[in-house]
Amino acid sequence: MKTLKVIAAILIALALIAAEGLAMGILSVDKALSEGTIKKSIVETGVVDDVIGEALRENTVSMGGAYGELVQSVMKTDVMNDFFAAYLSSVIRSEVYGEQYEEIAEDDLMQAFSSAIDEMEKSGAIRISQEQESIIKNMIKEELPRLTQDLNSLAMQYDASSGELTNDATSADDAVKNVLSRGMQMIMLLISAALCAALIALFWKNKSGFIWCAVVTGVVTACYVLLTVLGASGTLLAGGSPGDAFVLTLLSRGFKVAAIIGGVVTCIFVAAYIVWRARDRRKEEYEENIETAKRFA
């Protein structure tokens, strides 16, 4: 009987590894492609800087190098980073989940640029006259067609069909979209919960089912910790390519979120085991005291 119980536990644990692994994988992709993660990765890797610099270099040099430096500063403000993050997020998520997106429009980019200048003026980061502001905005307007085209081209570099994200996991075909959907994530979480409940029930007498769950979750978590480290080290070794560093940074951040959540769940299982075992010991001691009292009564 004990052997059968162990065999059943092993089979359940293997199924739990698969379910938790897939649930964490879906979570990693979702978090990696959030606007917040993409904004941090844009700032950290400077993936947009090269495109902007190339698009503006000829114009800013011909009209005075001082304006070129100012424009680069404006492009690195929170307003512009938010704008680029929202755009890149919508592009990449369209490949993963089939969500709709529109290419950057010149009017939208010009509006974001104007807001960025206003932000810098209000904060005191720059002081320019209305004439200078007009010159800079006209300069940007002249470059808008090229700049928007280059930015749209940059986004297409992260088309999932090129296989740059998670081993082609971002292909927009229906099967992959279903696997990466939040609905599938919820199903995997429910399956994981059911399998954990089965392990706990299987060893309810000594509460070791909690330890089984902790070990399995810990193993899956360790895999995502390793993926996080590999992603971070890969970013450092990306050969100076902002595009490669950007993708690796996104993945590393997504894996990190999954690893943190997995670590928390592992600790919860361990804590539950300690609490239940302590409760059982107190109950056993109480029952022993009752039996002793009855014998001496």
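Let's start with Lys207, which is buried because its relative accessible area is just 4%, below the 20% cut-off for that label. Keep in mind that this is a predicted model. Lys207 sits in the loop that links α9 (182-202) to α10. Its backbone is worth a look too: the phi angle is positive, about 65°, even though Lys207 is not a glycine.

Follow the chain on from that loop and you get to α10, the helix that holds Thr228. Is Thr228 buried or exposed? With 14% relative accessibility, Thr228 counts as buried, since the label applies to anything under 20%. And what does Thr228 touch, once you set aside its neighbours within four places in sequence? The contacts are Ser252, Phe255, Lys256 and Ala259.

Now turn to the surface. Here you'll find a nonpolar patch of about 1,000 Å². Its members are Met1, Leu4, Val6, Ile7, Ile10, Leu11, Leu14 and Ile17, along with Ile211, Val215 and Val219. Two or more of these residues come from each of α1 (2-32) and α10 (209-236). So which element gives the largest share? That's α1, with seven residues.

Leu14 is a handy one to pick out in the viewer: this patch member is found in helix α1. Leu14 counts as exposed because its relative accessibility is 52%, and the cut-off for exposed is over 50%. Put that next to Thr228 in α10, which counts as buried at 14%, and remember that α10 also gives residues to the nonpolar patch.

Note on methods: Residues are numbered from 1 along each chain as its sequence is written. This is a predicted model: local features need pLDDT of at least 70, side-chain atom pairs count only at pLDDT 80 or more; totals for chains, interfaces and linings use all residues. Side-chain values use heavy atoms; hydrogens and water are left out. Patches are made of residues with over 30% relative accessible area and no salt bridge: like charges are joined within 9 Å, nonpolar side chains (Val, Leu, Ile, Met, Phe, Trp, Tyr) within 5 Å. Accessible areas come from the Shrake-Rupley method with a 1.4 Å probe; for residues, only the protein chains shown count as cover. A salt bridge is a side-chain nitrogen of Lys or Arg within 4 Å of a carboxyl oxygen of Asp or Glu. Helices (H or I, at least four residues) and strands (E, at least two) are DSSP runs, numbered from the N terminus. Buried means under 20% relative accessible area, exposed over 50%, partly exposed in between (1.4 Å probe, protein chains only). Contact means heavy atoms within 4.5 Å.
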